Each structure stands twice: as structure tokens, then as C-alpha cells.
Amino acid sequence: MEPAIEAVNLLDLNLAQLEAFVESLGEKRFRARQLMRWIHLYGQDDFAAMSDLARSLREKLAGRAVIAPPRLLDTQASEDGTRKWVLEVGAGNAIETVFIPEGDRGTLCVSSQVGCALACTFCSTGHQGFNRNLTTAEIIGQLWWANRALGRDPKGERIISNVVMMGMGEPLANFECVDAALDIMLDDFGYGLSRRRVTLSTSGIVPALDRLRDRHPVALAVSLHAPNDALRDVIVPINRKYPLAELLAACRRYLEAAPRDFVTFEYVMLDGVNDSTAQAHELLELVAGTPCKFNLIPFNPFPGSQYRRSRPDAIARFRDVLMQAGYVVTVRRTRGDDIDAACGQLAGQVQDRSRRAERLQREGLQ
Ligand code: SAH
Ligand code: SF4
């Protein structure tokens, strides 16, 4: 049976919403769990193949619902094992999802928006401007495709053990859809990931941080990038709305819901901009009293970018200041360089609806 025009895309629904949907079809709630397992555990998109559902239900579903992930445009594999999926999200736009294997963990980097409106000056996505929020189906669809392609290891464990919301976009600027997608990631009938294996990276939208804490306090990464408001106002413009003191207070409130956790502060290393040892000391003062780790990210250049990557000795000195103060510091290795899959290089293809790029150019700001 052909689906009706207003067919519901089941990839948009978390378990509670799927339960409401099956009840609206006159079916028992527990059918939603079976459906969820077929869709997310087995990557099934054909109702006819769902063998433990009655034929009558399968037919009802085929008439009322679809399982429609974003269309797969391309897949690429890097020499270092990194893999990339390019997905079509309509109107000439594409998003990219990257899988990074490392030892016994496999991390999928997921996007939340087409472009980003927050315009951090060192970020390729920010440079392209903003088109729209991704739907829940488009967010979870990235995991759906990658999980279907990668499957399980010989011990039956899923190859994707961790998810980081660090692709294109600011996840907390698309709260509702990201929230439902997180539900599905954490659900035992979905991807069964534990709270600590899902990391959300944000540039610091303070009210949304509080909402996230109340819903599901997943591991939190905060894009700090500067040790004071004067510099952060310039390179992470959302700082003018939510300055550092407010952001750090929100981080501490967040940890109240996850008491043994810590925040990971991300810090992109920009040559001559934010990488001096004096700035490292200033950073230590800023974060005092907030349980945290640091992740230093060597800047990845992109066409038109105005910065240079910090020199390796500058990164080492900066790291040493933080380590000598007793902090855990990691320096992110650049992965997937040869397929443009490194941080801040997830360009995808964005038609800027806000026309910010042209506007800035007209105003002589770029
Ligand atoms: N919008 C969210 C998540 C996406 S960006 C955020 O800003 O946190 C994921 C990480 O990559 C962020 O820490 C971001 O600042 C960093 N990043 C962006 N552009 C980069 C670049 N060109 N080089 C290195 N890291 C970059
Ligand atoms: Fe947006 Fe994050 Fe890029 Fe800033 S760094 S422009 S918040 S995606």
C-alpha cells in the first residue's frame, strides 16, 4: 500500500511519541518497542520485513508511516580509518557525518543544523551562514546510516560506541529536535548508549544548558576558546549575549545534575591570538572551581580563513601550563584530513538563508 501524503516519519519519534502513534492506530503500546528495535537496532526501513509484527499492523503502518532517513549522496573512507557519509537534506543542502575509530572505541560525529548562525570567526560552518535546523529524523538518520553500515564487532558490540554532537551547527540552538534525538540515542530500544558516551558540544547558550541538564545531562563539552570576555566577544560572538561568568556558572549548575562528571573545555589553538602562556594562566583563573578537563584543538584552516594553526611548541607550552596545575589535557589529533573530515572542515553545502556572508561583504566586514 502506498503511504498517505501525510505519512509520519517514524525516525522523528522517540519512544514516548512512537507509543502515542501506535496507540492512535488502535494498537498496544508495547508494539512501539518492537518497532523501535527494528528501526534503530536492525536498521530496517521496510515494514514488510518486520516479521514479529502482525501482517495487519504492517499494512496499517505502510499506509500511515514511513522510515525515511536523509538520502545518502556519498560515502568516503580515509586512510586512517575515518569514514564519512554525505547526506542530502533538501534544497541543494548536504550534511556530513564522520566516524572516527580509536582503539576499542568508535565515535560518530553528528550534525544538528545546516550551517550555523553563531558565526565564530575560526569556523568553516560559521562562515557559511545558517540555512535551517535539522529535524529529529535527519539527526538520528546520521546514526541510522552509520550504524547500518558499520554494524557490530565479532563480540556483538556495536561498532559505534560513542556519539559526539560536534558536527555542523549549534545543537542547543535546535533544542527540541536534538532533545528527541538524544532520547533515541540513550533508549535501550534505540541505540542504548549510556549518558556518558554521548557528548554535546556547545558554544554556550546558557538557558538551553539548564534545559539539557534537566532533561538528560549527557557529557558536556563547552567551546571556550578564549580566557576573557574581550577576546571571546570577538571570536565566539554569542559571548556578547552569554558572557563567561554566566557560562561558567551554568557549567557548575550542569554538574550538579551529574556530580561525578566534569566539563570538557574545548580550546581551538590560533597562532598569536589565544595561545600564549599568559593566556593559559588566565584560563586557569577563569575555570577555578569548575571540575573540568581541557581539549586543545589545533586550528584546521579552510578556504578564506584568516587564522593560522598555533605552532607545535606553543601548543606544548600552553598544554604544560594547564597540566602543571593538575588538569587533564588532551591535544586533539587531526583525523580524516585527507577527506576533509577534520573539525571545522565539515563544510557540507549550505545555502545561507540569512545571507549573512553577502551582507558582511557589502558592509566591508569580510
Ligand atoms: N557548535 C558547537 C559544536 C560544533 S563545532 C560548538 O561550537 O561547540 C565542534 C568543535 O570544533 C567546537 O569546539 C568548535 O569550536 C571547533 N571548531 C570549529 N571550527 C574549527 C576549526 N576551523 N579548527 C578547529 N576546530 C574548530
Ligand atoms: Fe557554530 Fe560551533 Fe561553528 Fe561557532 S564553532 S559557528 S557555534 S558550529
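## Salt bridges

In this predicted model, the side chains of Asp320 and Arg319 meet in a salt bridge, with N and O 3.3 Å apart. Both partners are partly exposed: Asp320 has a relative accessible area of 30%, and Arg319 one of 29%. Salt bridges with shared partners also join Glu19, Glu23 and Arg29 into one network.

The structure holds 19 salt bridges. One of them pairs Arg29 with Glu19, whose closest N and O atoms are 2.7 Å apart. Arg29 belongs to the loop between α1 (15–24) and α2 (31–41), while Glu19 sits in helix α1, so the pair ties together parts 10 residues apart in sequence. Arg29 is partly exposed at 45% relative accessibility, whereas Glu19, at 10%, counts as buried because the limit for that class is under 20%. Another salt bridge links the side chains of Glu138 and Arg132 at 2.8 Å, N to O; Glu138 is buried, with 12% relative accessibility.

## Surroundings of ligand 1

Ligand 1 is surrounded by 19 residues, of which Phe122, Ser201, Ser223, His225 and Asn300 come nearest. By class, this shell comprises 8 nonpolar, 9 polar and 2 charged residues. The strands β10 (198–202), β12 (263–269) and β13 (292–298) each contribute at least two residues to the shell.

## Polar contacts and coverage of ligand 1

Polar backbone atoms of two residues approach nitrogen of the ligand: that of Phe122 is 2.9 Å from a nitrogen atom of ligand 1, and that of Asn300 is likewise 2.9 Å from a nitrogen atom of ligand 1. From Glu170, a polar side-chain atom lies 3.3 Å from a nitrogen atom of ligand 1. Of the 520 Å² of accessible area that ligand 1 has on its own, the protein covers 95%.

Methods
Residues numbered from 1 in each chain as written. Chains lettered and ligands numbered in written order. Predicted model: local features only at pLDDT ≥ 70, side-chain atom pairs only at ≥ 80, totals over all residues. Heavy atoms only, no water. Near = heavy atom within 4 Å. Polar contact = N/O pair within 3.5 Å; in protein donor to acceptor, adjacent residues only side chain to side chain. Areas by Shrake-Rupley, 256 points an atom, 1.4 Å probe, with all protein chains shown as cover. Helix = DSSP H or I, 4+ residues; strand = E, 2+ residues; numbered from the N terminus. Nonpolar A, V, L, I, M, F, W, Y, C, P; charged D, E, K, R; others polar. Salt bridge = Lys/Arg side-chain N within 4 Å of Asp/Glu carboxyl O. Buried < 20%, exposed > 50% of the residue type's maximum accessible area, 1.4 Å probe, protein only.
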